[in-house]
Amino acid sequence: MAAAESYPDDLRYHEEHDWARVEGDEAVLGITWFAADALGELVHFEAPAVGATVTKDAAYGEVESVKAVSDVVSPLSGEVLEVNETVVDAPETVNLDPYGAGWLLRIRLSNPSEVDALLDVEAYRQVLASL
Amino acid sequence: MKLIYEKSQAGRRASVIPRPDGLQAPEVPEDLRRSEAPRLPEVTELELVRHFTELSTRNYGIDTGFYPLGSCTMKYNPRVNERLVALPGFAQLHPHQDEDGAQGALELEWRLQEILAEVTGLDAVSLQPAAGSQGELTGLLLVRAYFADRGEGDQRRKVVIPDTAHGTNPASVTMAGYELTDVKTDARGNIDVDDLRAKVDEHTAALMLTNPSTLGLFDENIEEIQQIFHEAGALMYYDGANLNAVCGISRPGDMGFDIVHINLHKTFSQPHGGGGPGGGPIAVRDILEPYLPVPAVVRNDDGTFGLDYERPKSIGKVRGFTGPFGVFVRSYAYIRMYGPRLREMSEVAVLNANYVLARLKDAYDLPFDRLCMHEFVLSARNLKRDHGATATDVAKRLMDYGFHPPTVYFPLVVPEALMVEPTETEMKETLDAFCDAMLAIAGEAKDDVALLKDAPHDRPVRRLDEVRAAKNPVVKYGFEPSAVAAES
Amino acid sequence: MTHPFLALTDRDREEMLRTVGVSSIEELFRDVPGGVRLGRDLALEPPLSEQELSAHLGDLAARNADTTRELSFLGAGIYDHYVPAVVDTVLQRGEFLTAYTPYQPEMSQGTLQSIFEYQTAICELTGMDVSNASGYDGTTVTADACYIAKHATGRTKIVVTEATNPQVRQVVKTYAPGFGLEVVEVPHDGGTTDPDAVAAAAKGAAAVIFQQPNFFGCLEPAPDIAAAANDAEALSIAHVDPMSLGVLEAPGRYGCAIALGEGQGAGNVMAYGGPHYGFLAARQEFIRRMPGRIVGETVDAAGDRGYVLTLQTREQHIRREKATSNITTNQTLLALGGLVYLTWLGPQGLREVGETCLALSAHAKARLRERAGLEVLFSDRATFKEFAVRVGRNARDVIRDARALGVHPGYALGRDYEGMDDVLLVAVTEKRTLEDVDRLADVLAEVGA
């Protein structure tokens with residue numbers, strides 16, 4: 001069963017349907033409920049290597065369902081500290097729990113000031129409403 | 001049903017291989033010798049025939065029934081073609097046979113080239129590409145060679161493609177080393193000419209366009225589009241997937257296109273074979289002829305036919321030999337049975353499509369309310385919105401009525417797309433039965449959507465779990481008891 | 001006026017036009033601007049009846065010297081192996097012949113299961129983990145493999161041995177500029193390739209492509225070539241003859257990353273060059289980089305086993321410009337012919353065909369030496385079913401003279417290799433007999449080769 005639609009208040013969002021949970025100079029990244037629902041049940045996560053660099057607004061990986069594939073865009077820049085192996089092994093975890101067990105990467109921020117430019121939940125909901 | 005490997009028993013076989021008397025095979029050096037035999041099936045010939053006969057009954061072809069798979073032109077495949085292609089003079093001819101021992105084959109290829117030049121309104125033809133997508137790549141490599149020769153190779157890096165294009169177009173653009181520029185579709189289903197004008201400049205190498213488009217609509221602005229490209233010094237590529245609509249009516253060359261690929265398995269009746277073979281000859285304007293693949297099939301001054309390898313500007317070879325010859329035999333035969341009456345073929349294809357469209361457009365959403373060409377795109381979004389029935393559900397339910405479904409979810413610009421291409425070879429009675437089924441299904445969506453959701457009910461299998469297949473791919477037999485039982 | 005492939009009567013047309021709401025067929029084309037109309041009849045010859053067509057094509061076919069009319073020792077990539085009747089029987093089933101790509105699996109279990117069985121057979125032959133549903137031919141699958149290698153390694157150099165089929169090399173070179181690849185060739189040394197030369201060339205390469213048996217018919221030191229590629233972390237790609245794989249080792253067993261080749265010899269008639277199938281198989285790690293269709297096993301809503309196209313997100317209709325290839329239509333029917341043939345053979349039959357080819361071609365070498373006094377080239381190298389002989393004068397002239405006596409003695413290697421104008425490449429399949437070989441020797445002696 002996929003999760004019910006939700007957009008937590010404590011996250012920052014990117015208009016390409018990605019979220020970031022900022023924790024000091026690190027952040028946890030994932031895709032939003034909207035993105036997971038639009039793709040359908042995920043069957044594959046093509047993850048970057050630990051140690052790789054991710055760049056704000058650039059793709060760092062791909063998520064696939066049976067009928068669609070989508071770039072995952074990084075909301076922030078930094079170095080990959082950890083890839084969620086649970087999602088690599090069981091990609092549907094993203095559909096079940098997009099903001100919890102379905103996180104994708106943990107990164108160390110190279111430019112923490114980028115956080116300021118991200119959307120808050122209200123702004124992201126407006127993005128969704130405009131689609 | 002069981003796999004052939006599950007029917008295998010050591011000690012059975014279907015073949016007897018000649019073993020010349022008194023001859024001993026020399027030893028293969030040990031490090032190159034096969035260490036373990038491949039586990040091919042071991043069955044008798046009767047078991048073999050029964051296995052594949054049973055498999056065939058789990059399939060559906062044009063010979064089985066109506067197959068309105070949009071963009072694929074599933075027309076009747078005349079049986080005489082199968083007999084002709086099997087003539088020993090064609091089937092048993094080695095491709096390295098000397099030219100004087102292959103005059104009949106070369107003449108057939110040359111004649112087919114001449115015919116395709118006339119049908120497309122262009123000057124020169126290469127039959128070599130193996131399928132439409134390879135024709136596309138070949139055409140784009142010609143574009144590269146042409147601009148490189150003119151010193152514009154580094155400058156012209158972009159190829160323009162409408163958002164309705166087949167996925168092959170963007171994939172071919174990347175494989176040819178070009179960058180993609182997407183152009184939008186306007187409210188009438190034509191290319192958005194303003195968007196186009198803004199995106200075409202001195203960096204543009206070519207346009208790739210299907211006309212009629214994958215929406216089944218003839219682009220009403222084709223003359224203006226031609227002007228935009230040629231004024232920018234760019235070339236125009238015609239994806240011939242939909243040529244069945246316009247044979248003898250409007251030729252790509254007359255529309256201003258410089259390169260065309262022709263899908264012989266669509267317009268010219270090569271059987272689709274469960275996914276191939278196809279044929280993707282390309283026709284080009286004279287300025288591009290020097291770059292065509294080698295060898296070229298030519299008629300010599302003395303009236304004989306030959307292969308010309310002396311083409312210094314040629315892009316090279318894209319496939320072995322002169323192309324898929326058996327495909328040429330069938331398509332040549334098919335065209336010769338029509339001659340100039342190919343025009344009637346296209347006319348009836350367009351009439352059949354418009355008739356089905358007229359009967360269905362009130363029950364399904366019609367994104368572009370125009371006369372269509374040889375195919376049209378409906379949307380099941382009304383059924384999804386009102387009853388939760390998707391294009392997939394409609395497709396699966398059609399199977400219960402004995403029809404192959406239309407193409408679904410393509411083109412991407414139409415949500416819940418159902419793309420219907422009846423072709424000219426279908427009777428009115430068949431079209432009516434299909435329309436009746438489509439209308440009945442629209443009614444069922446309202447009254448009992450579960451009928452659609454559970455469909456199909458009468459096929460050899462029920463709906464299949466594609467997620468499971470993709471998540472943990474099993475792509476060959478494991479030679480152990482399968483985790484999933486074969487139903488009897 | 002009626003036509004056998006046009007189903008509408010005049011009355012049908014009238015009724016249908018009325019339903020559409022137009023008065024004439026002409027009106028259906030009102031969106032086509034006048035300026036792009038043809039405005040005349042196509043300048044094509046008048047239509048033929050089926051009977052007239054059969055006579056015309058019968059006449060064209062009769063002007064070809066096929067292998068039922070000429071004793072042929074031609075090979076060089078396409079081979080005259082026996083194709084059993086069951087192949088025709090299965091391929092002419094309309095349900096296979098007239099279906100298309102199995103987009104709707106419930107309508108296509110026959111095609112899907114047979115492709116799954118084909119993939120299994122190719123993996124068994126090659127010792128690989130995953131096979132696609134077929135490519136166009138032995139040349140294009142090699143180009144496809146270069147695309148895999150580029151993306152798998154991030155490198156841009158392709159190494160190919162000179163003893164690889166010239167047409168394969170030409171196609172790779174045609175595709176290479178679009179892929180952003182450069183192609184480097186490693187010359188042969190006495191009929192086979194020196195693994196040390198491969199090792200030197202393989203540094204920084206995306207892939208090393210070699211052919212086994214090679215174009216001269218010689219057996220390459222394939223395990224050493226593969227090792228040289230693997231040491232350089234280039235993909236080792238073996239272009240193999242499926243008909244050799246009952247007696248020669250599977251590329252997967254000597255460390256190759258990819259095995260591919262021309263499938264024609266296994267179950268397809270020669271047909272002047274096609275259509276045939278190319279096969280492409282790889283180790284598991286490349287499954288998401290494979291071009292073309294792949295069929296996978298799954299279950300249906302009732303829990304029963306069934307088959308679907310899988311991993312479709314690799315393909316052009318979903319991934320578009322980022323796809324692993326542009327292939328849609330492939331060669332499914334020809335691959336089905338391959339599966340039926342390999343099933344007919346079974347493991348014993350495949351080995352026996354290979355042994356008969358080995359035995360007959362060895363016999364032919366001896367006979368050409370003894371009866372025709374010809375020098376076998378690269379005579380210290382082991383061969384499979386094909387070998388090179390010096391004929392003492394231009395091989396093309398020898399071919400012409402031998403054909404006048406009803407024997408096509410082989411392929412002129414001078415077409416592709418400098419210094420080999422007097423070398424003939426002779427292929428001996430299991431379809432040839434001891435008498436055929438004697439006749440070849442006699443004819444070559446007679447024409448003064």
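Buried area is the accessible area, taken with a 1.4 Å probe, that two parts lose on being put together, summed over both. With that in hand, let us walk through this predicted model, starting at a chain boundary and moving inward.

## Where chain A meets chain C

Between chain A and chain C, about 650 Å² is buried, and carbon and sulfur atoms give 39% of it. The contact draws on 11 residues of chain A and six residues of chain C. On the chain A side, Glu64(A), Lys67(A) and Val69(A) supply 47% of the area that chain A buries against chain C, more than any other three residues.

## Chain C as a whole

Chain C has 449 residues, and 69% of them count as buried. Its secondary structure comprises 14 helices and 15 strands, and its C-alpha trace spans about 80 × 50 × 50 Å along the principal axes. Among contacts in chain C with a separation of 6 or more, 71% join residues 24 or more positions apart.

The domain assignment splits chain C in two: domain 1 takes residues 71-83 + 346-446, and domain 2 takes 99-340. Domain 1 of chain C is thus assigned from two stretches of sequence. Taken over C-alpha atoms, the centres of domain 1 of chain C and domain 2 of chain C are 28 Å apart. Across the boundary, 28 residues of domain 1 of chain C are in contact with 33 residues of domain 2 of chain C. The two domains of chain C bury about 2300 Å² between them, with 69% of that area on carbon and sulfur atoms. Leu350(C), Phe384(C) and Tyr417(C) stand out here: they supply 27% of the area that domain 1 of chain C buries against domain 2 of chain C, more than any other three residues.

## Tyr175(C) and a helix pair across chains

Which helix of chain C holds Tyr175(C)? The residue lies in α8, which covers residues 166-179. Tyr175(C) has a relative accessibility of 4%, so this residue counts as buried. Leaving aside residues up to four places away in sequence, Tyr175(C) touches Gln134(B), Leu137(B), Met175(B) and Val318(B) from chain B, together with Thr140(C) and Ala143(C) from chain C. Asp416(C) is 241 residues away from Tyr175(C) along the chain, and the C-alpha atoms of the two are separated by 20 Å.

Two packed helices are described by the angle between their axes and the distance between the axes. Helix α5 of chain B (residues 132-149) packs against α8(C) at an angle of about 70°, with the axes 11 Å apart. Angles of 65 to 115 degrees count as roughly perpendicular, and α5(B) and α8(C) are therefore roughly perpendicular to each other. From α5(B), the contact is made by Gln134(B), Leu137(B), Leu141(B) and Arg144(B); from α8(C), by Thr174(C), Tyr175(C), Pro177(C) and Gly178(C). By class, this contact of α5(B) with α8(C) has four nonpolar, three polar and one charged residues.

## A covered helix in chain B

Helix α12 of chain B, residues 391-400, is mostly covered, with nine of its 10 residues buried. Among the buried residues of α12(B) are Val394(B), Leu398(B) and Met399(B), as well as Asp393(B), Lys396(B) and Arg397(B). The cover over the buried residues of α12(B) includes α11 (381-387), β11 (407-408), β12 (417-420), α13 (428-447) and α14 (450-453) of chain B. After α12(B) comes Gly402(B), with a positive phi near 90°.

## Backbone features worth a look

Most residues other than glycine have a negative phi, and most peptide bonds are trans. The table gathers some departures from that pattern.

| Feature | Value | Place |
|---|---|---|
| His17(A), positive phi | near 70° | loop between β1 (12-14) and β2 (18-23) of chain A |
| Ser269(B), positive phi | about 70° | loop between β6 (259-262) and β7 (282-284) of chain B |
| Ala455(B) to Pro456(B), cis | omega near 0° | Pro456(B): loop between α14 and α15 (466-471) of chain B |
| Gly274(C) to Pro275(C), cis | omega near 0° | Pro275(C): loop between β7 (258-262) and β8 (278-282) of chain C |

Are the two residues with positive phi in the table buried or exposed? His17(A) counts as buried at 14% relative accessibility, and Ser269(B) is buried with a relative accessible area of 1%.

Notes
Residues are numbered from 1 along each chain as its sequence is written. Chains are lettered from A and ligands numbered from 1 in the order in which they are written. This is a predicted model: local features need pLDDT of at least 70, side-chain atom pairs count only at pLDDT 80 or more; totals for chains, interfaces and linings use all residues. Side-chain values use heavy atoms; hydrogens and water are left out. Helices (H or I, at least four residues) and strands (E, at least two) are DSSP runs, numbered from the N terminus. Buried means under 20% relative accessible area, exposed over 50%, partly exposed in between (1.4 Å probe, protein chains only). Contact means heavy atoms within 4.5 Å. Axes are lines fitted to C-alpha atoms, for helices over the stretch in contact, and angles run from 0 to 180 degrees between N-to-C directions. Angles under 35 degrees count as roughly parallel, over 145 as roughly antiparallel, 65 to 115 as roughly perpendicular and the rest as oblique. Ala, Val, Leu, Ile, Met, Phe, Trp, Tyr, Cys and Pro count as nonpolar, Asp, Glu, Lys and Arg as charged, and the others, Gly among them, as polar. Domain bounds come from an automatic or database domain assignment.
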